[in-house]
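Here is a set of exercises to work through with the model open in your viewer. Try each task before reading its solution.

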Amino acid sequence: MNTLLLECQDLVKLFPGVRALDGVGLRLTAGSVHALLGENGAGKSTLIKVLTGVHSPDGGTLTWCGEPVRPRSPLEAARTGIGVVHQERNLIPGFSVAENITLQKPPSRHGLVDYAAMTEPAVACLTELGVDLDPDRPVRELSVAQQQLVEIAKALYTESRVLLLDEPTASLSPEETERLFGVVRRLADRGACVVFVSHRLEEVFAVCDTVTVLRDGRSVLESSPLAEHSHDDIVSLMVGRAHAAARMRPRTVDRSAAPALELTAVATAGGHRDIGLTVRPGEIVGLYGLVGAGRSELVRAVLGLDRITAGEVRVHGRPARISSPRQALHEFGIGYVTENRKEEGVFLEQPIVRNITVTVWKRLARVLGFVPAGDEREVAQDLVDRLGIRTAGLAQHAGELSGGNQQKVSLAKWLAADTRLLIVDEPTVGVDVRTKHAFHELIWDLAHDGLPVLLISSDLGEMVTLADRVVVMADRRIRGEVDNDRDYDRMSGRIIRLIHGRDAARP
Ligand SMILES: Nc1ncnc2c1ncn2[C@@H]1O[C@H](COP(=O)(O)OP(=O)(O)OP(=O)(O)O)[C@@H](O)[C@H]1O
Ligand SMILES: [Mg+2]
(Lines give C-alpha, C1' and ligand atoms only; values in the text may rest on other atoms or scores of the structure.)
(Ligands and ions follow the chains in the order given, each with its own letter.)
Protein backbone atom coordinates (compact mmCIF):
# COMPACT_ATOMS: atom_id res chain seq x y z
CA MET A 1 0.00 0.00 0.00
CA ASN A 2 1.22 3.51 0.70
CA THR A 3 4.86 2.61 1.11
CA LEU A 4 7.00 5.56 2.07
CA LEU A 5 9.79 5.86 -0.48
CA LEU A 6 11.60 9.11 0.14
CA GLU A 7 11.29 11.37 3.13
CA CYS A 8 13.09 14.52 4.18
CA GLN A 9 12.86 16.63 7.32
CA ASP A 10 14.10 20.13 8.11
CA LEU A 11 16.22 20.33 4.99
CA VAL A 12 18.40 23.43 4.81
CA LYS A 13 20.42 24.64 1.83
CA LEU A 14 22.39 27.86 1.96
CA PHE A 15 23.79 29.88 -0.92
CA PRO A 16 25.77 33.09 -0.36
CA GLY A 17 23.19 35.60 0.84
CA VAL A 18 20.18 33.24 0.48
CA ARG A 19 18.59 30.52 2.57
CA ALA A 20 17.28 28.68 -0.48
CA LEU A 21 15.86 25.89 1.72
CA ASP A 22 15.08 26.81 5.28
CA GLY A 23 13.28 23.86 6.81
CA VAL A 24 11.62 21.66 4.22
CA GLY A 25 9.76 18.45 4.92
CA LEU A 26 8.44 16.09 2.28
CA ARG A 27 7.04 12.53 2.22
CA LEU A 28 6.83 10.71 -1.08
CA THR A 29 4.76 7.53 -1.12
CA ALA A 30 4.56 4.80 -3.73
CA GLY A 31 1.72 5.04 -6.23
CA SER A 32 1.16 8.77 -6.07
CA VAL A 33 1.67 11.91 -8.11
CA HIS A 34 2.91 14.68 -5.88
CA ALA A 35 2.71 18.38 -6.75
CA LEU A 36 5.58 20.59 -5.63
CA LEU A 37 4.39 24.18 -5.79
CA GLY A 38 5.65 27.64 -4.96
CA GLU A 39 6.41 31.02 -6.50
CA ASN A 40 9.52 31.70 -8.55
CA GLY A 41 12.50 31.42 -6.21
CA ALA A 42 10.60 29.53 -3.49
CA GLY A 43 13.13 26.67 -3.56
CA LYS A 44 11.52 23.95 -5.71
CA SER A 45 14.48 23.33 -8.01
CA THR A 46 16.93 23.56 -5.12
CA LEU A 47 14.97 20.87 -3.25
CA ILE A 48 15.04 18.65 -6.32
CA LYS A 49 18.79 19.19 -6.68
CA VAL A 50 19.38 18.26 -3.04
CA LEU A 51 17.28 15.09 -3.44
CA THR A 52 19.30 14.09 -6.51
CA GLY A 53 22.79 14.76 -5.20
CA VAL A 54 23.50 17.89 -7.26
CA HIS A 55 23.73 19.98 -4.07
CA SER A 56 24.59 18.68 -0.64
CA PRO A 57 22.30 19.93 2.13
CA ASP A 58 23.53 22.13 4.99
CA GLY A 59 21.12 20.55 7.42
CA GLY A 60 18.23 18.12 7.84
CA THR A 61 17.70 14.44 7.20
CA LEU A 62 16.89 12.30 4.19
CA THR A 63 15.67 8.73 4.23
CA TRP A 64 15.06 6.22 1.45
CA CYS A 65 12.65 3.39 2.36
CA GLY A 66 13.33 4.13 6.02
CA GLU A 67 17.14 4.15 5.77
CA PRO A 68 19.18 7.36 6.02
CA VAL A 69 20.68 8.32 2.66
CA ARG A 70 22.77 11.14 1.29
CA PRO A 71 23.17 10.96 -2.48
CA ARG A 72 26.57 12.48 -3.28
CA SER A 73 26.12 12.65 -7.04
CA PRO A 74 23.33 12.52 -9.61
CA LEU A 75 24.59 9.09 -10.70
CA GLU A 76 24.35 7.79 -7.15
CA ALA A 77 20.81 9.15 -6.86
CA ALA A 78 19.93 7.48 -10.17
CA ARG A 79 21.28 4.16 -8.90
CA THR A 80 19.23 4.50 -5.73
CA GLY A 81 16.14 4.85 -7.90
CA ILE A 82 15.64 8.61 -8.05
CA GLY A 83 15.24 9.93 -11.58
CA VAL A 84 14.96 13.56 -12.54
CA VAL A 85 14.19 15.97 -15.34
CA HIS A 86 15.76 19.27 -14.40
CA GLN A 87 14.21 22.61 -15.25
CA GLU A 88 17.21 23.63 -17.32
CA ARG A 89 17.90 21.24 -20.15
CA ASN A 90 20.61 18.72 -19.52
CA LEU A 91 21.19 17.00 -22.84
CA ILE A 92 24.44 16.75 -24.75
CA PRO A 93 23.77 18.62 -28.00
CA GLY A 94 26.18 16.67 -30.20
CA PHE A 95 24.95 13.27 -29.00
CA SER A 96 22.11 11.44 -30.67
CA VAL A 97 18.65 11.07 -29.18
CA ALA A 98 19.38 7.41 -28.29
CA GLU A 99 22.76 8.22 -26.73
CA ASN A 100 21.24 10.92 -24.57
CA ILE A 101 18.41 8.69 -23.39
CA THR A 102 20.68 5.81 -22.40
CA LEU A 103 23.55 7.95 -21.11
CA GLN A 104 23.27 7.05 -17.42
CA LYS A 105 23.05 3.31 -18.03
CA PRO A 106 24.49 2.64 -21.48
CA PRO A 107 24.03 -0.92 -22.74
CA SER A 108 27.42 -2.63 -22.90
CA ARG A 109 28.99 -5.71 -24.47
CA HIS A 110 32.36 -7.09 -23.41
CA GLY A 111 32.86 -3.96 -21.31
CA LEU A 112 32.33 -1.62 -24.25
CA VAL A 113 29.36 0.63 -24.93
CA ASP A 114 27.08 -1.22 -27.32
CA TYR A 115 25.81 1.47 -29.66
CA ALA A 116 23.66 -0.91 -31.66
CA ALA A 117 21.76 -1.92 -28.52
CA MET A 118 20.93 1.69 -27.59
CA THR A 119 18.31 2.26 -30.18
CA GLU A 120 15.76 -0.30 -29.08
CA PRO A 121 15.27 0.78 -25.43
CA ALA A 122 15.48 4.43 -26.45
CA VAL A 123 12.73 3.96 -29.02
CA ALA A 124 10.66 2.03 -26.47
CA CYS A 125 10.78 5.01 -24.06
CA LEU A 126 9.89 7.44 -26.84
CA THR A 127 7.03 5.24 -27.98
CA GLU A 128 5.67 5.11 -24.45
CA LEU A 129 5.55 8.92 -24.59
CA GLY A 130 3.96 8.75 -28.02
CA VAL A 131 6.89 10.58 -29.60
CA ASP A 132 8.05 9.80 -33.09
CA LEU A 133 11.70 10.86 -33.27
CA ASP A 134 14.68 9.52 -35.20
CA PRO A 135 16.91 7.99 -32.47
CA ASP A 136 20.04 8.78 -34.50
CA ARG A 137 19.41 12.49 -34.81
CA PRO A 138 21.67 14.78 -32.79
CA VAL A 139 19.56 16.53 -30.15
CA ARG A 140 20.88 19.93 -31.17
CA GLU A 141 18.63 19.71 -34.24
CA LEU A 142 15.48 19.28 -32.16
CA SER A 143 12.93 21.87 -31.12
CA VAL A 144 12.62 22.92 -27.49
CA ALA A 145 9.56 20.72 -27.01
CA GLN A 146 11.24 17.71 -28.61
CA GLN A 147 14.29 18.15 -26.36
CA GLN A 148 12.03 18.25 -23.36
CA LEU A 149 10.45 14.97 -24.43
CA VAL A 150 13.89 13.40 -24.83
CA GLU A 151 14.69 14.48 -21.25
CA ILE A 152 11.56 12.76 -20.06
CA ALA A 153 12.36 9.61 -22.07
CA LYS A 154 15.81 9.65 -20.46
CA ALA A 155 14.24 9.68 -17.00
CA LEU A 156 11.85 6.84 -17.99
CA TYR A 157 14.79 4.73 -19.18
CA THR A 158 16.31 4.48 -15.69
CA GLU A 159 13.06 3.00 -14.29
CA SER A 160 13.17 5.15 -11.20
CA ARG A 161 10.87 4.58 -8.24
CA VAL A 162 10.84 8.31 -7.57
CA LEU A 163 10.73 10.52 -10.62
CA LEU A 164 11.17 14.26 -10.14
CA LEU A 165 9.86 16.38 -13.02
CA ASP A 166 10.78 20.07 -12.71
CA GLU A 167 8.40 21.99 -15.00
CA PRO A 168 8.25 19.23 -17.61
CA THR A 169 5.33 20.80 -19.47
CA ALA A 170 6.71 24.34 -19.86
CA SER A 171 7.25 24.00 -23.60
CA LEU A 172 4.88 21.17 -24.42
CA SER A 173 1.69 21.53 -26.44
CA PRO A 174 -1.62 20.57 -24.80
CA GLU A 175 -1.60 17.22 -26.65
CA GLU A 176 1.95 16.42 -25.57
CA THR A 177 1.06 17.39 -22.01
CA GLU A 178 -1.96 15.07 -22.06
CA ARG A 179 0.19 12.23 -23.26
CA LEU A 180 2.81 12.89 -20.59
CA PHE A 181 0.05 12.80 -17.96
CA GLY A 182 -1.01 9.42 -19.27
CA VAL A 183 2.53 8.14 -18.75
CA VAL A 184 2.77 9.76 -15.31
CA ARG A 185 -0.45 8.06 -14.21
CA ARG A 186 0.73 4.70 -15.52
CA LEU A 187 4.01 5.03 -13.61
CA ALA A 188 2.11 5.84 -10.43
CA ASP A 189 -0.21 2.86 -11.01
CA ARG A 190 2.87 0.67 -11.23
CA GLY A 191 3.99 1.92 -7.81
CA ALA A 192 6.30 4.82 -8.57
CA CYS A 193 6.01 8.29 -7.09
CA VAL A 194 6.15 11.12 -9.59
CA VAL A 195 6.87 14.63 -8.34
CA PHE A 196 5.48 17.28 -10.59
CA VAL A 197 6.46 20.98 -10.61
CA SER A 198 4.29 23.34 -12.63
CA HIS A 199 3.01 26.89 -12.51
CA ARG A 200 -0.17 25.84 -14.31
CA LEU A 201 -2.53 24.93 -11.52
CA GLU A 202 -5.12 23.39 -13.85
CA GLU A 203 -2.52 20.78 -14.77
CA VAL A 204 -1.69 20.17 -11.14
CA PHE A 205 -5.32 19.58 -10.24
CA ALA A 206 -5.74 17.31 -13.24
CA VAL A 207 -2.94 14.91 -12.46
CA CYS A 208 -1.74 15.16 -8.83
CA ASP A 209 -2.92 13.38 -5.67
CA THR A 210 -0.84 15.08 -3.00
CA VAL A 211 0.75 18.48 -2.66
CA THR A 212 3.62 20.29 -0.96
CA VAL A 213 3.82 24.09 -1.10
CA LEU A 214 7.08 25.96 -0.56
CA ARG A 215 7.29 29.60 0.38
CA ASP A 216 10.63 31.35 0.94
CA GLY A 217 12.39 28.03 1.35
CA ARG A 218 9.94 26.58 3.88
CA SER A 219 7.28 23.96 3.38
CA VAL A 220 4.09 25.76 4.37
CA LEU A 221 1.95 22.79 3.34
CA GLU A 222 3.46 19.35 3.54
CA SER A 223 2.44 16.23 1.63
CA SER A 224 -1.27 16.90 1.96
CA PRO A 225 -4.08 15.35 -0.12
CA LEU A 226 -4.75 17.77 -2.97
CA ALA A 227 -8.49 17.15 -2.94
CA GLU A 228 -8.71 18.89 0.44
CA HIS A 229 -7.59 22.21 -1.03
CA SER A 230 -9.17 24.64 -3.45
CA HIS A 231 -7.32 26.46 -6.20
CA ASP A 232 -7.56 29.71 -4.21
CA ASP A 233 -6.25 28.10 -0.99
CA ILE A 234 -3.19 26.88 -2.84
CA VAL A 235 -2.51 30.28 -4.40
CA SER A 236 -2.85 32.00 -1.01
CA LEU A 237 -0.44 29.52 0.52
CA MET A 238 2.07 30.19 -2.24
CA VAL A 239 1.93 33.97 -2.07
CA GLY A 240 1.35 34.17 1.69
CA ARG A 241 -1.81 36.25 1.53
CA ALA A 242 -5.04 36.63 -0.36
CA HIS A 243 -4.26 37.15 -3.99
CA ALA A 244 -5.46 40.19 -5.91
CA ALA A 245 -6.29 40.09 -9.61
CA ALA A 246 -4.33 42.26 -12.04
CA ARG A 247 -5.49 45.85 -12.30
CA MET A 248 -5.70 47.40 -15.72
CA ARG A 249 -6.20 51.08 -16.52
CA PRO A 250 -8.78 51.77 -19.23
CA ARG A 251 -7.13 51.95 -22.62
CA THR A 252 -8.40 52.76 -26.09
CA VAL A 253 -6.72 52.23 -29.43
CA ASP A 254 -6.80 54.70 -32.28
CA ARG A 255 -7.63 52.40 -35.19
CA SER A 256 -6.98 55.18 -37.71
CA ALA A 257 -3.35 55.63 -36.61
CA ALA A 258 -0.63 54.60 -39.07
CA PRO A 259 0.54 51.04 -38.32
CA ALA A 260 3.83 50.59 -36.50
CA LEU A 261 4.21 47.15 -38.05
CA GLU A 262 2.62 46.18 -41.32
CA LEU A 263 3.01 42.92 -43.21
CA THR A 264 1.55 42.68 -46.70
CA ALA A 265 1.32 39.41 -48.63
CA VAL A 266 4.40 38.07 -46.88
CA ALA A 267 5.73 34.62 -47.75
CA THR A 268 8.70 32.94 -46.09
CA ALA A 269 11.16 30.16 -46.81
CA GLY A 270 9.50 28.36 -43.91
CA GLY A 271 6.25 28.05 -45.87
CA HIS A 272 4.12 31.04 -44.79
CA ARG A 273 1.96 32.40 -47.58
CA ASP A 274 0.04 35.61 -48.04
CA ILE A 275 0.43 36.93 -44.50
CA GLY A 276 -1.18 40.28 -43.79
CA LEU A 277 -0.85 41.76 -40.31
CA THR A 278 -0.86 45.21 -38.73
CA VAL A 279 -0.06 46.49 -35.27
CA ARG A 280 -0.88 50.10 -34.41
CA PRO A 281 0.65 52.34 -31.75
CA GLY A 282 -0.79 51.53 -28.36
CA GLU A 283 -2.35 48.32 -29.63
CA ILE A 284 -1.78 44.82 -28.34
CA VAL A 285 -2.29 42.34 -31.15
CA GLY A 286 -2.42 38.70 -30.16
CA LEU A 287 -1.16 36.02 -32.51
CA TYR A 288 -2.85 32.79 -31.54
CA GLY A 289 -2.64 29.30 -32.94
CA LEU A 290 -1.87 25.74 -32.03
CA VAL A 291 1.74 24.68 -31.65
CA GLY A 292 3.21 24.32 -35.13
CA ALA A 293 0.95 26.99 -36.64
CA GLY A 294 4.06 29.00 -37.52
CA ARG A 295 3.73 32.00 -35.24
CA SER A 296 7.27 32.10 -33.81
CA GLU A 297 8.70 31.27 -37.23
CA LEU A 298 6.87 34.21 -38.80
CA VAL A 299 8.33 36.60 -36.25
CA ARG A 300 11.77 35.08 -36.70
CA ALA A 301 11.50 35.74 -40.44
CA VAL A 302 10.48 39.36 -39.84
CA LEU A 303 13.58 39.75 -37.66
CA GLY A 304 15.90 38.28 -40.27
CA LEU A 305 16.38 34.88 -38.65
CA ASP A 306 14.61 33.17 -41.53
CA ARG A 307 14.13 34.21 -45.16
CA ILE A 308 11.23 36.29 -46.45
CA THR A 309 10.58 35.30 -50.05
CA ALA A 310 7.75 37.64 -51.06
CA GLY A 311 5.64 40.53 -49.85
CA GLU A 312 6.52 43.60 -47.85
CA VAL A 313 7.33 44.42 -44.23
CA ARG A 314 7.01 48.04 -43.10
CA VAL A 315 8.08 49.25 -39.68
CA HIS A 316 6.99 52.72 -38.57
CA GLY A 317 5.99 53.34 -42.19
CA ARG A 318 9.40 52.47 -43.65
CA PRO A 319 10.03 49.38 -45.78
CA ALA A 320 12.17 47.13 -43.60
CA ARG A 321 14.58 44.45 -44.72
CA ILE A 322 15.88 43.25 -41.41
CA SER A 323 18.83 40.88 -41.23
CA SER A 324 19.17 40.35 -37.46
CA PRO A 325 17.42 41.07 -34.14
CA ARG A 326 20.32 43.39 -33.34
CA GLN A 327 19.61 45.47 -36.44
CA ALA A 328 15.89 45.31 -35.64
CA LEU A 329 16.61 46.88 -32.27
CA HIS A 330 19.12 49.50 -33.31
CA GLU A 331 17.51 50.64 -36.55
CA PHE A 332 13.84 50.04 -35.96
CA GLY A 333 13.52 49.97 -32.17
CA ILE A 334 12.06 46.47 -32.15
CA GLY A 335 12.36 44.62 -28.86
CA TYR A 336 12.04 40.85 -29.20
CA VAL A 337 11.57 38.54 -26.25
CA THR A 338 12.16 35.07 -27.64
CA GLU A 339 10.37 31.93 -26.67
CA ASN A 340 13.75 30.29 -26.27
CA ARG A 341 14.88 32.42 -23.36
CA LYS A 342 17.12 29.82 -21.81
CA GLU A 343 19.38 29.84 -24.85
CA GLU A 344 18.94 33.28 -26.30
CA GLY A 345 17.58 35.48 -23.59
CA VAL A 346 19.97 35.64 -20.66
CA PHE A 347 23.74 35.88 -20.22
CA LEU A 348 24.11 33.42 -17.37
CA GLU A 349 27.70 34.37 -16.57
CA GLN A 350 26.92 38.07 -16.26
CA PRO A 351 25.57 40.03 -13.32
CA ILE A 352 21.87 40.86 -13.38
CA VAL A 353 22.52 44.56 -13.76
CA ARG A 354 24.46 43.97 -16.98
CA ASN A 355 21.85 41.59 -18.32
CA ILE A 356 19.08 44.10 -17.87
CA THR A 357 20.96 47.07 -19.22
CA VAL A 358 22.65 45.34 -22.13
CA THR A 359 20.12 46.65 -24.62
CA VAL A 360 20.15 50.20 -23.24
CA TRP A 361 23.92 50.11 -23.22
CA LYS A 362 24.34 51.79 -26.59
CA ARG A 363 21.78 54.42 -25.83
CA LEU A 364 23.38 55.34 -22.52
CA ALA A 365 26.82 55.26 -24.07
CA ARG A 366 25.77 57.48 -26.96
CA VAL A 367 24.23 60.13 -24.80
CA LEU A 368 26.87 60.16 -22.12
CA GLY A 369 29.94 58.97 -23.91
CA PHE A 370 30.41 56.31 -21.24
CA VAL A 371 28.21 54.39 -18.84
CA PRO A 372 28.34 55.50 -15.24
CA ALA A 373 27.68 52.52 -13.01
CA GLY A 374 25.14 54.54 -11.00
CA ASP A 375 22.69 54.99 -13.89
CA GLU A 376 22.93 51.39 -14.91
CA ARG A 377 21.98 50.34 -11.41
CA GLU A 378 19.08 52.76 -11.23
CA VAL A 379 17.47 51.43 -14.42
CA ALA A 380 18.06 47.85 -13.34
CA GLN A 381 16.87 48.32 -9.75
CA ASP A 382 13.66 49.91 -10.94
CA LEU A 383 12.86 46.87 -13.09
CA VAL A 384 13.92 44.41 -10.42
CA ASP A 385 11.41 46.09 -8.09
CA ARG A 386 8.58 46.28 -10.62
CA LEU A 387 8.85 42.64 -11.58
CA GLY A 388 9.72 41.39 -8.11
CA ILE A 389 12.89 39.68 -9.31
CA ARG A 390 14.16 37.60 -6.42
CA THR A 391 17.87 38.19 -6.11
CA ALA A 392 20.61 38.55 -3.52
CA GLY A 393 21.63 41.79 -5.30
CA LEU A 394 22.20 43.34 -8.71
CA ALA A 395 25.74 41.96 -8.83
CA GLN A 396 24.50 38.37 -8.61
CA HIS A 397 25.05 36.32 -11.75
CA ALA A 398 21.87 35.60 -13.68
CA GLY A 399 22.77 31.89 -13.72
CA GLU A 400 22.22 31.72 -9.97
CA LEU A 401 18.61 32.89 -10.16
CA SER A 402 15.68 30.50 -10.15
CA GLY A 403 14.31 29.62 -13.59
CA GLY A 404 11.34 31.95 -13.39
CA ASN A 405 13.48 34.81 -12.18
CA GLN A 406 15.83 34.34 -15.13
CA GLN A 407 12.82 34.77 -17.37
CA LYS A 408 11.94 37.98 -15.60
CA VAL A 409 15.46 39.24 -16.27
CA SER A 410 15.18 38.50 -19.98
CA LEU A 411 11.91 40.42 -20.13
CA ALA A 412 13.28 43.28 -18.05
CA LYS A 413 16.08 43.62 -20.54
CA TRP A 414 13.66 44.55 -23.30
CA LEU A 415 11.52 46.72 -21.16
CA ALA A 416 14.62 48.70 -20.21
CA ALA A 417 15.53 49.21 -23.82
CA ASP A 418 14.00 52.14 -25.62
CA THR A 419 11.87 49.97 -27.84
CA ARG A 420 9.25 51.41 -30.15
CA LEU A 421 7.71 48.05 -31.01
CA LEU A 422 7.65 45.09 -28.68
CA ILE A 423 7.33 41.49 -29.83
CA VAL A 424 6.90 38.95 -27.03
CA ASP A 425 6.75 35.21 -27.54
CA GLU A 426 5.13 33.19 -24.72
CA PRO A 427 6.08 35.75 -22.06
CA THR A 428 4.68 33.99 -19.02
CA VAL A 429 5.58 30.34 -19.51
CA GLY A 430 7.26 29.25 -16.28
CA VAL A 431 6.48 32.34 -14.22
CA ASP A 432 4.29 32.19 -11.14
CA VAL A 433 0.76 33.60 -10.82
CA ARG A 434 1.72 36.78 -9.06
CA THR A 435 4.43 37.63 -11.59
CA LYS A 436 2.14 36.73 -14.46
CA HIS A 437 -0.21 39.45 -13.29
CA ALA A 438 2.69 41.87 -12.88
CA PHE A 439 3.74 41.14 -16.50
CA HIS A 440 0.22 41.65 -17.73
CA GLU A 441 0.01 44.98 -15.95
CA LEU A 442 3.39 46.01 -17.30
CA ILE A 443 2.64 45.10 -20.92
CA TRP A 444 -0.75 46.78 -20.62
CA ASP A 445 0.87 49.94 -19.20
CA LEU A 446 3.40 50.05 -22.01
CA ALA A 447 0.58 49.84 -24.57
CA HIS A 448 -1.31 52.45 -22.60
CA ASP A 449 1.69 54.74 -23.09
CA GLY A 450 1.56 54.12 -26.84
CA LEU A 451 3.85 51.14 -27.40
CA PRO A 452 2.68 48.74 -30.12
CA VAL A 453 2.84 45.13 -28.93
CA LEU A 454 2.69 41.86 -30.85
CA LEU A 455 1.95 39.06 -28.41
CA ILE A 456 2.39 35.39 -29.21
CA SER A 457 0.85 33.20 -26.56
CA SER A 458 -0.66 29.74 -26.33
CA ASP A 459 -2.39 30.78 -23.15
CA LEU A 460 -5.90 31.72 -24.23
CA GLY A 461 -6.62 33.36 -20.88
CA GLU A 462 -3.62 35.60 -21.41
CA MET A 463 -4.89 36.53 -24.89
CA VAL A 464 -8.31 37.42 -23.59
CA THR A 465 -6.77 39.49 -20.78
CA LEU A 466 -4.33 41.44 -22.93
CA ALA A 467 -5.04 41.51 -26.64
CA ASP A 468 -7.22 44.09 -28.39
CA ARG A 469 -7.47 41.88 -31.46
CA VAL A 470 -6.59 38.23 -31.80
CA VAL A 471 -5.19 37.12 -35.14
CA VAL A 472 -5.58 33.40 -35.62
CA MET A 473 -3.01 31.35 -37.47
CA ALA A 474 -3.03 27.72 -38.59
CA ASP A 475 -0.74 25.89 -41.01
CA ARG A 476 1.30 29.02 -41.69
CA ARG A 477 -1.70 31.01 -42.93
CA ILE A 478 -3.77 33.69 -41.28
CA ARG A 479 -7.24 32.23 -40.73
CA GLY A 480 -8.88 35.45 -39.63
CA GLU A 481 -9.11 37.72 -36.66
CA VAL A 482 -11.39 38.33 -33.73
CA ASP A 483 -12.02 41.58 -31.86
CA ASN A 484 -11.59 40.87 -28.19
CA ASP A 485 -14.77 41.41 -26.19
CA ARG A 486 -13.03 40.01 -23.05
CA ASP A 487 -15.57 37.23 -22.69
CA TYR A 488 -13.48 34.10 -22.35
CA ASP A 489 -16.08 31.55 -23.44
CA ARG A 490 -17.26 33.51 -26.44
CA MET A 491 -13.69 34.30 -27.51
CA SER A 492 -12.50 30.72 -27.23
CA GLY A 493 -15.46 29.51 -29.30
CA ARG A 494 -14.78 32.02 -32.06
CA ILE A 495 -11.06 31.32 -32.09
CA ILE A 496 -11.47 27.55 -32.21
CA ARG A 497 -13.91 27.89 -35.11
CA LEU A 498 -11.33 29.97 -37.01
CA ILE A 499 -8.59 27.43 -36.37
CA HIS A 500 -10.81 24.74 -37.80
CA GLY A 501 -11.56 26.83 -40.84
CA ARG A 502 -15.04 28.10 -40.19
CA ASP A 503 -16.05 31.75 -40.21
CA ALA A 504 -15.97 33.24 -36.71
CA ALA A 505 -18.81 35.61 -37.45
CA ARG A 506 -21.25 32.77 -38.10
CA PRO A 507 -21.98 30.33 -35.31
N1 LIG B 1 23.52 28.07 -7.64
C2 LIG B 1 22.94 29.05 -6.92
N3 LIG B 1 23.68 30.03 -6.35
C4 LIG B 1 23.10 31.00 -5.61
N5 LIG B 1 21.78 31.09 -5.37
C6 LIG B 1 21.00 30.15 -5.91
C7 LIG B 1 21.53 29.07 -6.69
N8 LIG B 1 20.51 28.27 -7.09
C9 LIG B 1 19.39 28.82 -6.57
N10 LIG B 1 19.68 29.93 -5.85
C11 LIG B 1 18.71 30.78 -5.12
O12 LIG B 1 17.90 29.93 -4.32
C13 LIG B 1 16.55 30.41 -4.29
C14 LIG B 1 15.61 29.30 -4.71
O15 LIG B 1 15.78 29.02 -6.09
P16 LIG B 1 15.08 27.82 -6.85
O17 LIG B 1 15.73 27.72 -8.17
O18 LIG B 1 15.09 26.63 -5.99
O19 LIG B 1 13.58 28.36 -7.01
P20 LIG B 1 12.31 27.68 -7.74
O21 LIG B 1 11.28 27.48 -6.70
O22 LIG B 1 12.74 26.51 -8.51
O23 LIG B 1 11.80 28.86 -8.70
P24 LIG B 1 11.24 28.84 -10.25
O25 LIG B 1 9.77 28.64 -10.17
O26 LIG B 1 11.55 30.23 -10.71
O27 LIG B 1 11.98 27.81 -11.00
C28 LIG B 1 16.52 31.64 -5.19
O29 LIG B 1 16.63 32.79 -4.39
C30 LIG B 1 17.76 31.47 -6.07
O31 LIG B 1 18.27 32.71 -6.50
MG1 LIG C 1 12.84 26.11 -10.53
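## Exercise 1: A strand with two partners

Gln9 stands opposite Thr61 in β4. Keep in mind that this is a predicted model.

**Task.** Work out which strands pair with β1, and in which sense.

**Solution.**
- Start from the pair above: β1 and β4 (residues 59-64) pair in the antiparallel sense, over 5 bridges.
- Now turn to β2. This strand runs antiparallel to β1 (residues 4-15), and 9 bridges join the two.
- To check the register, find Glu7, whose bridge partner in β2 is Arg27.
- Finish at the turn. The hairpin of β1 and β2 has 2 residues between the strands, and Gly17 takes a positive phi near 80° there.

## Exercise 2: An open sheet

**Task.** Find the order of the strands in the open sheet of 4 strands, and say which strands stand at its edges.

**Solution.**
- The order is β14-β13-β16-β17, with antiparallel pairing.
- β14 (275-279) and β17 (318-319) each have a single partner strand, so one side of each has no neighbour in the sheet, and these two stand at the edges.
- Look next at β13 (residues 261-268) and β16 (residues 308-315), which are antiparallel and joined by 6 bridges.
- One pair to locate here is Leu263 with its bridge partner Val313 in β16.

## Exercise 3: Two domains and a ligand

**Task.** Describe how the two domains meet, and which of them contribute to the shell around ligand 1.

**Solution.**
- Begin with the bounds: the domain assignment gives domain 1 (4-239) and domain 2 (281-306 + 322-499).
- Their C-alpha centres lie 28 Å apart.
- Across the boundary, 18 residues of domain 1 are in contact with 18 residues of domain 2. On the domain 1 side, the touching residues divide into 6 nonpolar, 8 polar and 4 charged.
- Now select the surroundings of ligand 1. The shell holds 19 residues, and the closest are Ala20, Asn40, Ser45, Ser402 and Gly404.
- The elements that give two or more residues to this shell are β2 (18-29), α1 (44-51) and α15 (403-416).
- By type, the shell divides into 5 nonpolar, 11 polar and 3 charged residues.
- To settle the last part of the task, assign the shell to domains: at least three residues come from each of domain 1 and domain 2.

## Exercise 4: Inside the cores

**Task.** Identify the residues that touch the most other members of the largest nonpolar core, and the element that gives the most to this core.

**Solution.**
- Nonpolar side chains tend to be buried together in soluble globular proteins, so a search for cores is a natural step.
- The largest core has 69 residues, of which Val453 and Leu455 touch the most other members.
- α15 gives the most to this core, with 5 residues.
- Leave aside the neighbours of Val453 within four places in sequence; Val453 is then in contact with Ile284, Leu422, Val424, Ile443, Leu446 and Ala447.
- Another core lies apart from this one. That core has 62 residues, including Leu11, Val85, Val184 and Phe196.

## Exercise 5: Buried or exposed?

**Task.** Decide whether Leu498, Cys65 and Arg486 are buried, partly exposed or exposed.

**Solution.**
- The cut-offs come first: 20 or more other C-beta atoms within 10 Å make a residue buried, and 12 or fewer make a residue exposed.
- Leu498 belongs to helix α18 (residues 488-499). Leu498 has 24 other C-beta atoms within 10 Å, so this residue is buried.
- Cys65 sits in the loop between β4 and β5 (67-68). Cys65 counts as partly exposed because there are 14 C-beta neighbours inside 10 Å.
- Arg486 lies in the loop between β22 (477-483) and α18. With 9 other C-beta atoms within 10 Å, Arg486 is exposed.

**Follow-up task.** Compare the backbone of the two loop residues with the usual sign of phi.

**Solution.**
- Most residues other than glycine have a negative phi.
- Cys65 is not a glycine, yet has a positive phi of about 50°.
- Arg486, also a residue other than glycine, has a positive phi near 65°.

## Exercise 6: An enclosed helix

**Task.** Which residues of α9 are buried?

**Solution.**
- Going along the helix, the buried residues are Arg295, Ser296, Leu298, Val299, Ala301 and Val302.
- That is 6 of the 8 residues of α9 (residues 295-302), so the helix is largely enclosed by the rest of the structure.
- Look just past the helix: α9 is followed by Gly304, whose phi is positive, near 85°.

Conventions:
Residues numbered from 1 in each chain as written. Chains lettered and ligands numbered in written order. Predicted model: local features only at pLDDT ≥ 70, side-chain atom pairs only at ≥ 80, totals over all residues. Near = placed C-beta within 6 Å. Nonpolar A, V, L, I, M, F, W, Y, C, P; charged D, E, K, R; others polar. Domains from an automatic or database assignment. Pairing = 2+ DSSP bridges. Contact = placed C-beta atoms within 7 Å. Core = buried A, V, L, I, M, F, W, Y, C linked by C-beta atoms within 7 Å.
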